[in-house]
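Me: Please take a close look at the pockets of this protein and at the ligand bound to it. I should like one connected account.

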Amino acid sequence: MPLLPLVHIVATGGTIAGTASSTVDTANYNAATLGADALIAALPEAGQIARIDSEQLYAYDSKDLQSADWLQLAQRLRELATQQNGPTGILVTHGTDTIEETAFFLSLTLPRKIPVVLTAAMRPATARSADGPMNLLQAIAAAADPRFAAAGPLVAANDRLWCARDVTKRHTHAPDALGGFEAAPLATAIGTRWCAPRWQACDDTQAFRAALPARLPEIWILPGYAGAPAELIDAAISKGVSGLVLALAGHGSMPTAWEPALARALDAGLVVVRASRIPSGGVAPNANYADSVRGTLASGALSPVQARILLALGLATGCDRNALQILFAQY
Ligand code: SIN
């Protein structure tokens, strides 16, 4: 009998590895308390899909991940993907809170050699109707299928497989929290079978896949809202950050009261991207005034957290303002 595919699990923590003292408490629990071994031991069905091995890279609540952790994770996944007789695919277990950030970062920085699938859960492992076990099995099934390599990093959750850039957390506690707004999933699962998959590349912009930068510059996201104080921008200048992503109202509308502080930020050399707090639609460059005269960039289709990652990678690899705006237009 032919050997089953080998799926290597890289565990990073999250609610999928969480435990609570009550089986019905889905709000008060400790994330990241179970190790990868315990998650797999609870899933005997996994052995019918793939051979599994695992490592515990982190045990984090994902809100605590730093950009240095993304770089270390990406480095580890690159090693696994290029190992001789290495795994067929890789599964990363993660928290739902920032999975969209890690997935987007990996989609920009990993070569597309073998499937890389991230999964998470909204309910701790001890809850009735915990979503983690089925999410894990479905993610293992996707990671075990080499045809998903071309798509780049994917997120498997609740019977759906999402391109990294299309997925976001849309609900604070419901099990179907992870999903897209306007994009369709790449595939839908019935049990552990992915039906009607599209074997396509999700995004194929290759700018950052050759090598990882040693570190990422500090970029802050500032919230735009009625009455938002301009001191937010001055605090960022004083802190010496390299760039700002402004999560503005509407189609990236800059508060008039921010203009003087914004000019100070641009004079101080910060790169400033206009993004929107609205979940879909993005922000188009404004050639007449907003961007070309003032010197800001527009986030294009990216959310504020995605724009922060693209800006950090762009600055880390020496892109100037023009190159950055081209990048934002491509993504
Ligand atoms: C986390 O993001 O690590 C905690 C929340 C979750 O996984 O749902």
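Reply: In this predicted model, the largest pocket has a lining of 22 residues, and those lying nearest its centre are Phe181, Pro279, Ser280, Ala301 and Ser303. The space in the largest pocket amounts to about 520 Å³. Its lining comprises nine nonpolar, eight polar and five charged residues. Among the contributors to that lining, helix 8, which spans residues 304-316, gives the most, with three residues.

The ligand, however, takes up the space of the second largest pocket. About 220 Å³ of space lies in the second largest pocket. Fifteen residues line the second largest pocket, and Thr15, Tyr29, Thr96, Asp97 and Lys169 are those nearest its centre. Sorted by class, this lining holds eight polar, four nonpolar and three charged residues.

The shell around the ligand itself may be considered next. It is made up of Gly14, Thr15, Asp61, Ser62, Gly95, Thr96, Asp97, Ala121 and Lys169. Of the residues in this shell, five are polar, three are charged and one is nonpolar. The nonpolar member is Ala121, while Asp61, Asp97 and Lys169 are the charged ones. The polar members are Gly14, Thr15, Ser62, Gly95 and Thr96.

Three polar contacts to oxygen atoms of the ligand can be described in detail. In the case of threonine 15, an N or O atom of the side chain is 3.0 Å from a ligand oxygen atom. Threonine 96 likewise uses its side chain, a polar atom of which lies 2.4 Å from an oxygen atom of the ligand. With aspartate 97 the partner is a polar backbone atom, and the distance to a ligand oxygen atom is 3.0 Å. Taken alone, the ligand exposes 250 Å², and the protein buries 96% of that area.

The two views of the site can then be joined. Thr15, Thr96 and Asp97, described above through their contacts, are also among the residues that lie nearest the centre of the second largest pocket. Lys169 is likewise one of the residues nearest that centre, and it also belongs to the group around the ligand.

Methods. Residues numbered from 1 in each chain as written. Predicted model: local features only at pLDDT ≥ 70, side-chain atom pairs only at ≥ 80, totals over all residues. Heavy atoms only, no water. Near = heavy atom within 4 Å. Polar contact = N/O pair within 3.5 Å; in protein donor to acceptor, adjacent residues only side chain to side chain. Areas by Shrake-Rupley, 256 points an atom, 1.4 Å probe, with all protein chains shown as cover. 1 Å grid on protein atoms, 1.4 Å probe; cavity = no way out; pocket = protein on both sides within 12 Å on 5 of 7 lines; lining within 4 Å. Sits in = over half its atoms within 2 Å of the grid points. Points joined across faces, edges and corners; volume = space filled by probe spheres on them. Helix = DSSP H or I, 4+ residues; strand = E, 2+ residues; numbered from the N terminus.
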